[in-house]
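Colleague: I am new to this structure. Please take me through it, beginning with the DNA.

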Protein chains: 2
Amino acid sequence: MFSAPAGVGMDHREQVLDAAGALFYERGIQAVGMAEIRTAAGVSLKRLYQCFASKDELVESYLRRRDRRWREQLAGHVAGNPGVLSVFDWLRDWFADPGFRGCAFINSFGELGATSDAVARAAREHKAALREFLLDQLTGDDREKRADQLLMLVDGAITTAAITGDPGAADTARDAARTLITKPPNSLSSVT
Amino acid sequence: MFSAPAGVGMDHREQVLDAAGALFYERGIQAVGMAEIRTAAGVSLKRLYQCFASKDELVESYLRRRDRRWREQLAGHVAGNPGVLSVFDWLRDWFADPGFRGCAFINSFGELGATSDAVARAAREHKAALREFLLDQLTGDDREKRADQLLMLVDGAITTAAITGDPGAADTARDAARTLITKPPNSLSSVT
DNA sequence: CTCAAGGGAGAACGATCGTTCTCCGACTGC
DNA sequence: GCAGTCGGAGAACGATCGTTCTCCCTTGAG
């Protein structure tokens with residue numbers, strides 16, 4: 001998922017990014033070595049280091065490209081199915097993908113966010129961009145608050161689906177999102 | 001946080017778990033070596049391996065103990081402040097802790113869930129237990145659905161707070177949770 | 001005091017990592 | 001055909017990891 005069609009003119013950089021991206025996402029960053037990436041990409045180690053000066057640079061490119069593609073796919077789906085709630089329909093399809101392993105940015109942040117500024121920044125930027133996207137789908141004077149709430153539902157659904165393996169998390173989150181969006185801001189009853 | 005008071009009779013196992021737990025949580029599991037744990041715990045390497053036969057075993061013990069303590073603290077807070085929503089007040093305090101680095105189970109799952117069954121299982125069990133706890137705080141015929149929704153808000157809030165560093169995520173989630181709990185199941189309007 | 005036992009400090013070992021280097025075969029222009 | 005260049009395959013290197021082993025000092029019993 002989130003891969004571009006394999007064109008004939010695809011250069012080595014893309015080959016490497018495809019292989020590394022799949023491995024990083026599936027098994028984690030530290031668990032995948034450069035030698036394995038080299039084998040999966042079908043390039044020589046020398047060329048690998050010509051394309052990316054270091055593993056850190058490769059990791060950063062992987063995250064940047066995944067962020068772009070992930071948001072493109074999401075935006076594409078929502079463009080064809082208007083309404084914020086369609087975000088959760090798209091999530092459901094993603095969760096049902098056999099290769100689904102959670103959010104690459106949450107995973108990377110948990111693994112390396114404390115030691116790598118680049119990874120931490122990539123995760124922050126990804127989530128900020130997602131929040132901005134959700135904001136664009138909302139109207140009303142409490143858009144900001146609702147965008148924040150939806151962002152949490154999205155992240156919670158991704159995490160829950162990843163850990164439990166149940167794509168139904170998307171439906172649960174969609175239901176919650178519908179309630180949050182439908183409901184008038186100030187309720188009558190107050191349960192504490 | 002989630003540490004027991006340092007008693008005089010604390011045995012070496014606890015010393016090691018304290019040191020390893022703090023390091024694992026702060027920097028990730030793979031980023032912390034046994035030598036560093038040994039130094040932080042102030043025990044010899046020989047004794048470390050007498051307490052835990054391998055790093056895997058130490059990691060599993062770390063996760064199991066953290067799960068127990070985390071849920072004890074949460075349950076303690078909610079016992080003193082009845083109502084599900086107090087969960088989010090407790091989360092806020094946790095998020096504001098300088099050492100807060102997200103959910104240890106989400107982080108570990110992202111880092112090692114694909115390669116270690118023990119870690120994946122620990123994360124699943126932790127989230128299942130949390131869901132059970134939330135379920136216990138709810139009444140009504142749609143308790144199950146609401147527990148699932150609250151679980152997502154909790155995980156989403158933890159993740160968002162970890163990545164953005166803003167403890168206010170707890171308030172946002174609390175607001176959403178209040179709406180979800182207050183709202184009657186079937187709304188009149190339908191926004192799609 | 002002698003001596004056996006145990007534990008502490010950390011060296012040693014084998015594996016693996018990221019990165020660089022070496023070698024060698026294949027292609028280019030002439 | 002041939003010198004020269006390029007790139008592929010993977011060995012080599014230094015660092016670091018988890019784990020084990022060695023050495024030495026302490027301690028307590030007799």
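Colleague: How many nonpolar, polar and charged residues does the surface near DNA strand C have?
Modeller: That surface has 5 nonpolar, 3 polar and 4 charged residues. Ala, Val, Leu, Ile, Met, Phe, Trp, Tyr, Cys and Pro count as nonpolar, Asp, Glu, Lys and Arg as charged, and the others, Gly among them, as polar. A residue is near a strand if its C-beta atom, placed from the backbone, lies within 6 Å of it.

Colleague: What should I know about the model and its labels?
Modeller: It is a predicted model, in which local features need pLDDT of at least 70 and side-chain atom pairs count only at pLDDT 80 or more, while totals for chains, interfaces and linings use all residues. Residues are numbered from 1 along each chain as its sequence is written, and chains are lettered from A and ligands numbered from 1 in the order in which they are written.

Colleague: Which residues are around DNA strand C?
Modeller: Chain A supplies A:Gly33, A:Met34, A:Ala35, A:Leu45, A:Lys46, A:Tyr49, A:Ser54 and A:Lys55, and chain B supplies B:Ser44, B:Leu45, B:Lys46 and B:Arg47. Helix 2 (34-41) and helix 3 of chain A and helix 3 of chain B each give at least two residues; helices are DSSP runs (H or I, at least four residues), numbered from the N terminus.

Colleague: And which residues are around DNA strand D?
Modeller: Among them are A:Ser44, A:Arg47, B:Gly33 and B:Tyr49. By class, the surface near DNA strand D has 4 nonpolar, 3 polar and 4 charged residues.

Colleague: On to the two protein chains. How many residues does the contact take from each?
Modeller: The contact takes 46 residues from chain A and 47 from chain B, where two residues are in contact if their C-beta atoms, placed from the backbone, lie within 7 Å. On the side of chain A that touches chain B, helix 8 of chain A gives the largest share, 13 residues. That side has 18 nonpolar, 18 polar and 10 charged residues.

Colleague: What turn lays chain A on chain B?
Modeller: A turn of 180° with a shift of 0.0 Å along the axis does so, at an RMSD of 0.0 Å, superposing by least squares on the C-alpha atoms of residues with pLDDT of at least 70 in both. The two copies are therefore related as by a two-fold rotation axis. Of the residues of chain A, A:Gly156 comes closest to that axis, with its C-alpha at 2.0 Å.

Colleague: How do the axes of helix 9 of chain A and helix 9 of chain B cross?
Modeller: They come within 10 Å and cross at roughly 90°. That makes the two helices roughly perpendicular, a word used for angles of 65 to 115 degrees. A:Ala176, A:Thr179 and A:Leu180 meet B:Ala176, B:Thr179 and B:Leu180 there, a set of 4 nonpolar, 2 polar and no charged residues.

Colleague: Is helix 6 of chain A mostly covered or exposed?
Modeller: Mostly covered: 9 of its 9 residues are buried, meaning that 20 or more other C-beta atoms lie within 10 Å of a residue's own (exposed is 12 or fewer, partly exposed in between; C-beta atoms are placed from the backbone). The cover includes helix 1, helix 4 (55-80), helix 7 and helix 8 of chain A, and also helix 6 and helix 8 of chain B.

Colleague: Where is A:Ala114?
Modeller: A:Ala114 is in the loop between helix 6 and helix 7 of chain A. A:Ala114 counts as partly exposed because it has 17 C-beta neighbours inside 10 Å. Not counting residues up to four places away in sequence, A:Ala114 touches B:Glu26, B:Arg27, B:Gly28 and B:Arg101.

Note on methods: Axes are lines fitted to C-alpha atoms, for helices over the stretch in contact, and angles run from 0 to 180 degrees between N-to-C directions. Angles under 35 degrees count as roughly parallel, over 145 as roughly antiparallel, 65 to 115 as roughly perpendicular and the rest as oblique.
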